[in-house]
Amino acid sequence: MELLNTSAGPSCDIDYGTRKWSCVTAEFHGRRLRMHHYLQMYIPTGLIVVVSWLGFWIDPSAVPARVALVITTLLTITTQANSARVTL
């Protein structure tokens, strides 16, 4: 995210009934870098979905190959989601 502008807002007083509290506000204006999201999330996820469709062309009697494909796909999606969560 690219930070464009910051500004301090007005101070205020909030009355909660039992006591009056003062507060300060701040504004942060930013812009998302879209290409980063496309390269890190959307394109790899789309490719993983396409690879998972290969399971439909594998012979139904080839159970180990189909199970390996499903497990690899699920582990890849899980790893990708975990790395996205860590970077947040």
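Tutor: A disulfide is a pair of cysteine sulfur atoms within 2.5 Å, and this predicted model holds 1 disulfide.

Student: What makes Cys12 and Cys23 a disulfide?

Tutor: The S to S distance of Cys12 and Cys23 is 1.8 Å, and the cut-off asks for sulfur atoms within 2.5 Å, so the pair counts as a disulfide. Cys12 lies in strand 1 (residues 2-15) and Cys23 in strand 2 (residues 20-31), 11 residues apart, and the pair thus links distant parts of the chain. The link of Cys12 and Cys23 is left-handed, with -75 degrees about the S-S bond.

Student: Why is Cys12 called partly exposed?

Tutor: Its relative accessible area is 29%, and because buried means under 20% and exposed over 50%, Cys12 falls in between and is called partly exposed.

Student: Why is the aromatic pair of Tyr38 and Tyr42 called tilted?

Tutor: The ring centres of Tyr38 and Tyr42 are 5.6 Å apart, and a pair needs centres within 6.5 Å; the planes stand at 45 degrees, which is neither under 30 degrees, as stacked requires, nor over 60, as edge-to-face requires, so the pair is tilted. Both residues lie in helix 1, 4 residues apart, about one turn of the helix.

Student: How do you know whether Tyr42 is buried or exposed?

Tutor: Tyr42 has a relative accessible area of 57%, and the cut-off for exposed is over 50%, so Tyr42 is exposed. Tyr38, with 39%, is partly exposed.

Technical notes:
Residues numbered from 1 in each chain as written. Predicted model: local features only at pLDDT ≥ 70, side-chain atom pairs only at ≥ 80, totals over all residues. Heavy atoms only, no water. Helix = DSSP H or I, 4+ residues; strand = E, 2+ residues; numbered from the N terminus. Buried < 20%, exposed > 50% of the residue type's maximum accessible area, 1.4 Å probe, protein only. Phe/Tyr/Trp six-rings, centres within 6.5 Å; stacked < 30°, edge-to-face > 60°.
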